[in-house]
Amino acid sequence: MGPSDRKRKLDLSDGSSEKKEKDTNPWTGNAYSEQYQKILKARLKLPVYQFKDKLLDAVANNQIVVVEGETGSGKTTQIPQFLVEAGYAEQGTNVVACTQPRRVAATSIATRVADEMDVKLGEEVGYTIRFEDVSNYNKTVLKFLTDGMLLREAMSDPLLSHYSVIVLDEAHERTLATDVIMGLLMEVLPKRTKDSKHGELKVVVMSATLDAEKFQEYFNNAPLMKVPGRTFPVEIFYTAKPERNYVEAAVRTTLNIHKCEGPGDILVFLTGEAEIEQACEEIRASAAEMSGKDTPELVVYPLYSSLTPAQQRKIFDKAPGPKVEGGLPGRKVVVSTNIAETSLTIDGIVYVVDPGFSKQKVYNPRIRVESLLVSPISRASARQRAGRAGRTRPGKCFRLYTEQSFHEDLQETTYPEILRSKMSNVVLTLLKLGIDDLVHFDFMDPPAPETLMRALELLHYLGAIDDEGSLTELGYQMSDLPIDPQLAKMIITSSDYGCSEEIMSIVACMSVPQVFMRPREAAKAADEAKAQFSHPDGDHLTLLNAYAAYATVPKAEKKQWCWDNFINDRSMQSADNVRRQLTGIMNKLQLPLVTTDRRGNGKFDYTAVRQALTSGMFMQVAFLQKQGNYLTVKDNQIVYIHPGSVIDTKPEWVMYEEFALTTKNYIRTVSTTRVEWLVEMAPHYYDLSNFPECEAKAELELAYRRLAHSSK
């Protein structure tokens, strides 16, 4: 059935009057609400509406269309709806998908679009993000999902047969998953033509700023449509000299705007949760000191990915009104990561504070370390940020760096994530999709051969692929788990050690933001609270103890319990959700769910748990040197246990989850392991014939001798 046939079905044209068609929602059969009519008036004024017919013509006549839509054009919320209205969607068979690089964007845009279509979120309009699916297989016609989730869906449905149109939004961000999806679509599209079994698949590639020619060339000279935004002029200000502390400078600039500039909301860009919360606290405290009946009220909202959807939605609240009649209206400040650069539009922003930094993933294949580093943004990002100030009227952007720095120090565009990420997860996904020739896979920017080799090496050591590079049975099982390959291996082998329940709790806690809170003003009390759960053998076991205690608290009391124990309630709720999903996957894989806590009194066999942890983390191990620091095994990097770890002794062998490059090379989320376990579980990795000379080698030789002796 083509779009025109579906359109007739959608419009309920069964002889009912035109008036009824306009007033009745074709999805629910109910009359449209007043809220819908109000929103519709605003929607019709969006610039993208003038291009609706032209866009639908382009989609009808081409398999791929590239849309360059400026910020504020309405492309993200409207184009997917145009496609649904044009008849590309049908309940239970054809879905229009719209991918987003970030979870916050996927959830908030889905919520907005459900309101615009006057339907219930999770029914006709839904979203899917990692560990959360708010959609209905039989009802959803428009689904917003992260690019990573579309990749996961492709693993079980390589032809993406459930979708009629895939809209790739924010393609200019060039996330790892987006780049892989683009390569995958180039393989799928020739198999999803009009006369194929599942019908034609259409692709719309959307972006705010795009290297349009590069994208067009990659997508077989696809047509390009440019949709202007609704923007006003923005005045740019630079600092006279570089700022020493950009967080302090951002707070100071925000308060100066509040004191000296006219009405209008402020958007401040910072790099992560800790910085954002610190800035929000300082702005609120200073605004409280300034408050008087003549000073406008100031409200401050943070925005980053680990906030709950309800907290994220607060950024869309209107600024407070005047305190007294005739007084100045209040002002809203949103302190955000670079998610507010393009993915979300916050009305009312007139001032932007841009320190010029964001957190970026950087991978060094030589030492196998992936780190999140605070790095300068690109000039393209700086322009995007400034454009946020000119949405509703002329605005101002305060760049906390010099004009010379903008022109000379910033790159023109952001380096694609695929060129600075470890690839083990991607390689596992591609192998599951049946793509064995990774070297000739159609990447827009192919990753370095060394990075691909490291990924294959890691998967081989974990037992996910065999000597020929094909997936093993273990590899297939690991690919079903939406987590890092090391964690997947750990979960799958945990039942061999009798502790799959414990390992799932630990992995769930490792998959969410910071579980333990340590506010500066209550650091001592927070440390005392954490000490109740602390285990001398490490942070993983401490997480297990905290989760096990949380699980016994009645639901109505959980929030208060978390508050009393300096535990992040939001993170624990997410961990619960993650754990439920992991349990479901374990059941699907028919892997036994077993525990060492047979009496259910919280007494675990911590040795078995550490063995299971070692089975997945044997490559992330460091050995204590005579000088007192640690050396990573094989890569010989000098590292230190992070001061936030519960380990306060100097164990000989430790395994770690993360390598953090800050003032020193720190290893984070650390637990003790034993050399005997390492040589027993991973003799292929700890092969002495190709092991570098170091203090650890002698210990390994001894362990091998002991193992040989005990097996006689």
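The chain is built from 27 helices and 21 strands, and what you're looking at is a predicted model. For a compact globule of 712 residues you'd expect a radius of gyration near 27 Å, and the chain has 27 Å, so the two agree. Measure along the principal axes and the C-alpha atoms fill a box of roughly 90 × 70 × 55 Å.

How much of the chain is tucked away from the surface? Of its 712 residues, 55% count as buried. There's also a lot of contact between parts that sit far apart in the sequence: take the contacts with a separation of 6 or more, and 73% of them come from residues 24 or more positions apart.

Now let's zoom in on a pair of helices. Helix α7 covers residues 147-156 and helix α8 covers residues 176-188; their axes are 8 Å apart and they pack at an angle of about 40°. That angle falls outside the ranges for roughly parallel, antiparallel or perpendicular, which is why α7 and α8 are described as oblique to each other. The crossing of α7 past α8 is left-handed. On the α7 side, the contact is made by Asp147, Gly148, Leu150, Leu151 and Ala154, while α8 brings Ala177, Thr178, Val180, Ile181 and Leu184. Sort the residues of this contact by class and you get seven nonpolar, two polar and one charged.

Further along the chain, have a look at helix α20, residues 500-510. Ten of its eleven residues are buried, so α20 is largely enclosed by the rest of the structure. The buried ones are Ser500, Glu502, Ile503, Met504, Ser505, Ile506, Val507, Ala508, Cys509 and Met510. And what does the covering? The elements over these buried residues include the helices α19 (485-494), α22 (539-552), α24 and α25 (606-617), along with the strand β20 (653-661).

One of those covering helices, α24, spans residues 569-588 and is home to Arg579. Is Arg579 buried or exposed? Its relative accessibility is 15%, and because buried means under 20%, Arg579 counts as buried. Leaving aside residues up to four places away in sequence, Arg579 touches Glu501, Met504, Ser505, Ala508 and Tyr547. Find Met504, Ser505 and Ala508 in that group and you're back at α20, where these three are among the buried residues.

How values were computed:
Residues numbered from 1 in each chain as written. Predicted model: local features only at pLDDT ≥ 70, side-chain atom pairs only at ≥ 80, totals over all residues. Heavy atoms only, no water. Axes fitted to C-alpha atoms, helices over the stretch in contact; angles between N-to-C directions. Helix = DSSP H or I, 4+ residues; strand = E, 2+ residues; numbered from the N terminus. Parallel < 35°, antiparallel > 145°, perpendicular 65-115°, else oblique. Left-handed = near helix turned anticlockwise from the far one by under 90°. Contact = heavy atoms within 4.5 Å. Nonpolar A, V, L, I, M, F, W, Y, C, P; charged D, E, K, R; others polar. Rg over C-alpha atoms; globule rule 2.2 N^0.38 Å. Buried < 20%, exposed > 50% of the residue type's maximum accessible area, 1.4 Å probe, protein only.
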